[in-house]
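Here are my comments on the model you sent. They are numbered so that you can reply to each in turn.

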Amino acid sequence: MKISADMQQRLLAASLAARAHSHSPYSNYAVGAAVLDEQGRIHVGANIENAAYPQGNCAEATALGAMVMAGGKQAVAVLVTGPGPDVITPCGGCRQKLREFAGPDLLVIAGDPAGIQQQWTLEQLLPFSFGPSHLAPAVNQNKNKEKT
Ligand SMILES: [Zn+2]
């Protein structure tokens with residue numbers, strides 16, 4: 001899905017502001033994320049590291065959690081910001097987490113303090129993805145079993 005240049009700039013500003021809240025004392029790699037939901041609202045997150053490393057959260061996961069808690073159902077676009085100048089992309093785990101709340105046409109935008117760097121669709125970053133529709137037949141089967 002395409003979004004306006006104005007909205008892209010709003011997402012960039014929100015993502016950079018979220019990045020300022022990053023808790024990344026171990027990697028010193030601060031990341032921000034801004035998710036645009038189906039209602040046109042922006043939800044933000046930053047990476048939150050933990051002394052027990054695997055317990056850390058990525059910025060995208062934090063932003064998706066905020067979206068869900070606000071009642072958002074679908075992500076339309078996500079803008080991720082890192083320190084630059086290297087282009088940041090969502091990690092593999094976050095690509096799958098985004099897929100839970102978006103179709104393959106989700107717009108994924110990368111940026112840094114200097115501006116927007118690059119953009120893709122989720123399909124380009126996570127081709128042949130596994131998503132909720134794969135489980136729909138099983139879920140429906142289980143619902144039918146519960147009825148009988
Ligand atoms: Zn991640």
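Helices here are DSSP runs of H or I with at least four residues, and they are numbered from the N terminus. The model is a predicted one.

1. R99. This residue is part of helix α3. R99 is buried but forms no salt bridge. The nearest side chain of opposite charge belongs to E123, at 6.6 Å, and a salt bridge would need a side-chain nitrogen within 4 Å of a carboxyl oxygen. What the R99 side chain does have is a polar contact with the side chain of S129, at 2.7 Å. Leaving aside residues up to four places away in sequence, R99 touches L122, L126, S129, F130, G131 and P132. S129 therefore appears both as the polar partner and in the contact list of R99.

2. F101. Past the end of α3 (92-100), F101 sits in the loop that leads to β4 (107-112). F101 has a relative accessible area of 23%, so it is partly exposed; the buried class ends at 20%. Its contacts, again without residues up to four places away in sequence, are L64, M67, V68, K73, Q74 and A75. For one of these, K73, the C-alpha atom lies 6.6 Å from that of F101, although 28 residues separate the two along the chain.

3. Zinc site. Which protein atoms are the donors of the zinc ion? They are the SG atoms of C58, C91 and C94, at 2.2 to 2.3 Å from the ion. Along the chain these donors follow the spacing C-x32-C-x2-C. C58 and C91 bring together distant parts of the chain, being 33 residues apart: C58 is in the loop between β2 and α2, and C91 in the loop between β3 (75-81) and α3. C58 is partly exposed, with 30% relative accessibility, and C91 is also partly exposed, at 36%. Water is not among the atoms, so the site may look incomplete.

4. Aromatic pair. How many aromatic pairs are there? The count is 1. It is formed by Y26 and Y53, whose ring centres are 5.6 Å apart; the planes meet at 45 degrees, so the pair is classed as tilted. Y26 belongs to the loop between α1 (5-19) and β1 (32-37), and Y53 to the loop between β2 (42-46) and α2 (59-69), which puts the two 27 residues apart.

5. Accessibility of that pair. Y26 is partly exposed, at 40% relative accessibility. Y53 has a relative accessible area of 59% and is therefore exposed, the limit for that class being 50%.

Terms used. Residues numbered from 1 in each chain as written. Predicted model: local features only at pLDDT ≥ 70, side-chain atom pairs only at ≥ 80, totals over all residues. Heavy atoms only, no water. Phe/Tyr/Trp six-rings, centres within 6.5 Å; stacked < 30°, edge-to-face > 60°. Buried < 20%, exposed > 50% of the residue type's maximum accessible area, 1.4 Å probe, protein only. Contact = heavy atoms within 4.5 Å. Donors = N, O, S within 2.8 Å, 3.2 Å for Na, K, Ca; no water. Lys, Arg positive; Asp, Glu negative; His and termini not counted. Polar contact = N/O pair within 3.5 Å; in protein donor to acceptor, adjacent residues only side chain to side chain.
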